[in-house]
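Good morning, colleagues. Please turn to the sequence and the structure on the screen, and I shall then go through the points I have selected.

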Amino acid sequence: MTGSDKITVALAGNPNAGKTSVFNALTGARQHVGNYPGVTVEKKEGRAFIDDQEVHVVDLPGTYSLTAYSLEELVARDFIMGERPDVVIDVVDSSNLERNLYLAIQLLELGVPLVICLNMTDVAEQRGIHVDPEKLGQLLGAPVVPTVARGGKGMKELLKATVDLARPNPTWDPLKISYGPDVDRAIDELSDILQGSRPRRGLISPHWLAVKFLEGDPEILNTVDEESELGRKLFPLRKRLAHHILATTDDDPESIIADYRYGFIGGVCRQAVKAKIREHRLDTSDRIDRVLTNRLIGPLVLLLVLYGIYQFVFVVSETPVAWFGSFFSWLGSSVEAIIPDGMFQSLIVSGVIDGVGGVLGFVPLIMFMFFAVAFLEDSGYMARVAYMMDRLLRTFGLHGNSVMAMIVSGGIAGGCAVPGVMATRVLKDPKARLATILTVSMMNCGAKLPLYAVLVGAFFSGRRAEIMFALTLISWGIVLVAARILRWTALRGESAPFVMELPLYRLPTTKGLFIHTWDAPGSTSKRPAP
Ligand code: BGO
């Protein structure tokens, strides 16, 4: 807290969300108006009381975002970062939640102790939109108080939640969301450099600064002199990373980051909003989702997609696999002709050439599999797979996002458990993460493939894809049962609530697909869970 027992609260919110009404309802006649220093933006301040506790309320300018593109946004952000109020109340219009949560997410990314004032609940209910405040609070990690500011409803509860959060001194704990593989990696690189030398704003997290730096936030860019030692490291790196992101995604970092924020919000709203007509940004992604995540059509499409991938991987890779086979048999017979019969020849031909050839022969197949998974991930469909699988996987004590690790480990035959285990970093629930790590190696990974291929070739030569598909389904069953047993025994406990992010659909770029195929999809996609 700032003073001995006075609490300072900043009131943020989109224009028309009801911020002025909340301010008036909280402070009544105890208000005065001034200006923010150095600018002609009006600054309203007032006092509110609850159980003898004085709360100093500062009304921030109405903003949609926390960028530095408008004076209002800059004033609001500077006040929060410079004055560090004890708590920020974000007034959101619950009848227009998705759009309003964009600011809330940015406040959470900054790390401010936040209370969400879920205003206009009367309007939302009239429109058939019911927001579950508890669920919303759980998912965002911030208290949510429903209000109707016009009638003063919920104001006491709002003040109480604010005071409860301010006592004892809350720490600034930034929300970290994933912005996709390329941007996440770029942010890691930038924040590593910023970690050591934080320009001016020593209290702000290097991760947040790195996000802003990559977004090209003019105010943050200005805090670093291009000619300084730090600037000479940061600016060329930023340029290179922005170039790479443009090449792999065909978009600039700022748009990608915004898309992923909306994806995160979409995931939150899916779980916390029940509506007769759910509020929609009716864009292409939403329309596609209506079909692809439909309860009946969605799983059928998913099975078709997986089966299509099998056909693609096995049919397309047949020729290069045969090339590898012919090359190694040619190499074997050539070496046989050179080295005389005996132990040494057997070691080289049967041991080294046949052994290495047998494994390398599956490289094209594995590359095609990774290519297919990279396509699913880059297009945004993989997040929908996780969303659809969430309910099923939860019954086995896992999480929808475990699906990426499972698929990469061999959920589509030919994967590898190493990037699979790395892909579990996205799971924030430690028990679900450990259960996934311990079980994914039972999938049909690339190392098991040669053996399966020999057996399938010998017994079911005409139906390779179908039998491999069946074997894969069996391995899924084994993994799920093993996970369930672990969650009943060694890893017993409740699962933590977690947001399923649904990024917008995008058309993958060729360069992006090749880079992600090479990297092994999922292995670098998400940040470590805090
Ligand atoms: C007018 N419920 C309802 N139904 N309305 C609310 C609520 C609520 O919870 N909260 C606020 N409003 P501001 P910003 C108006 O002014 O506080 C209404 O920009 C009108 N005015 O009364 O100003 C509030 O500060 C004529 O409505 O928002 C106001 O964030 C006809 O939402 C509007 C109808 O609130 C914006 C409404 C002359």
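Four helices each supply at least two residues of the lining of the second largest cavity: H7 (181-196), H10 (229-249), H11 (253-272) and H15 (363-379). I should say at once that this is a predicted model. The cavity in question, the second largest, holds about 180 Å³ of space. Its lining consists of 17 residues, and those nearest the centre are Asp182, Thr249, Tyr260, Asp378 and Arg506. By residue class, the lining of this second largest cavity divides into eight nonpolar, five polar and four charged residues. How many cavities of 30 Å³ or more does a search of the whole structure find? The search finds nine.

I turn next to the open space. The largest pocket contains about 990 Å³. It is lined by 30 residues, with Thr293, Arg295, Tyr387, Met388 and Met389 closest to the centre. Which helix gives the largest share of this lining? That helix is H16, with six residues. At least two residues each come from H11, H12 (284-292), H13, H16 (381-395), H17 (402-411) and H21 (464-488). The lining of the largest pocket comprises 15 nonpolar, six polar and nine charged residues. H11 therefore deserves a second look, because it supplies at least two residues to the lining of the second largest cavity and at least two to the lining of the largest pocket.

Tyr387, one of the residues closest to the centre of that pocket, also takes part in a contact between a charge and a ring. Arg270 lies over the face of Tyr387, 4.8 Å from the ring centre. A further case involves Arg384, whose charged end sits over the ring of Tyr505 at 4.1 Å from the centre.

Now to the rings themselves. The structure holds eight aromatic pairs. One of them joins Phe312 and Phe371, with 6.4 Å from centre to centre and 35° between the planes, a tilted arrangement. The two partners are 59 residues apart and the pair links distant parts of the chain, with Phe312 in helix H13 (residues 297-338) and Phe371 in helix H15. Are these two rings buried, exposed or something in between? Phe312 has a relative accessible area of 31% and is partly exposed. Phe371, at 23%, counts as partly exposed because its value is not under the 20% that would make it buried. The pairing also extends beyond these two residues: ring pairs link Phe312, Phe368, Phe371 and Phe514 into a cluster.

I come to two backbone positions. Asp51 is not a glycine, yet it has a positive phi of about 45°. It is found in the loop between strand E3 (42-50) and strand E4 (53-59). With 74% relative accessibility, Asp51 counts as exposed, because the value is over 50%. Asp250 is likewise not a glycine, and its phi is positive at about 65°. Where does Asp250 lie? It lies in the loop between H10 and H11. Asp250 is exposed, with a relative accessible area of 59%.

Two buried residues follow. Thr439 is placed in helix H19 (residues 430-439). At 1% relative accessibility it counts as buried. Leaving aside residues up to four places away in sequence, Thr439 touches Val479, Ala482, Ala483 and Leu486. Leu97 lies in helix H3 (residues 97-110). Leu97 also has 1% relative accessibility and counts as buried. Its C-alpha atom is separated by 8.8 Å from that of Val131, 34 residues apart along the chain.

Finally, the chain as a whole. The secondary structure comes to 22 helices and nine strands. The C-alpha trace spans about 100 × 55 × 45 Å along its principal axes. Of the 530 residues, 54% count as buried. What percentage of contacts between residues at least 6 apart in sequence join residues at least 24 apart? The figure is 74%. The Phe312 and Phe371 pair, 59 residues apart, is one link between distant parts of the chain.

Notes
Residues numbered from 1 in each chain as written. Predicted model: local features only at pLDDT ≥ 70, side-chain atom pairs only at ≥ 80, totals over all residues. Heavy atoms only, no water. 1 Å grid on protein atoms, 1.4 Å probe; cavity = no way out; pocket = protein on both sides within 12 Å on 5 of 7 lines; lining within 4 Å. Points joined across faces, edges and corners; volume = space filled by probe spheres on them. Nonpolar A, V, L, I, M, F, W, Y, C, P; charged D, E, K, R; others polar. Phe/Tyr/Trp six-rings, centres within 6.5 Å; stacked < 30°, edge-to-face > 60°. Buried < 20%, exposed > 50% of the residue type's maximum accessible area, 1.4 Å probe, protein only. Lys NZ or Arg CZ within 6 Å of the ring centre and 35° of its normal. Contact = heavy atoms within 4.5 Å.
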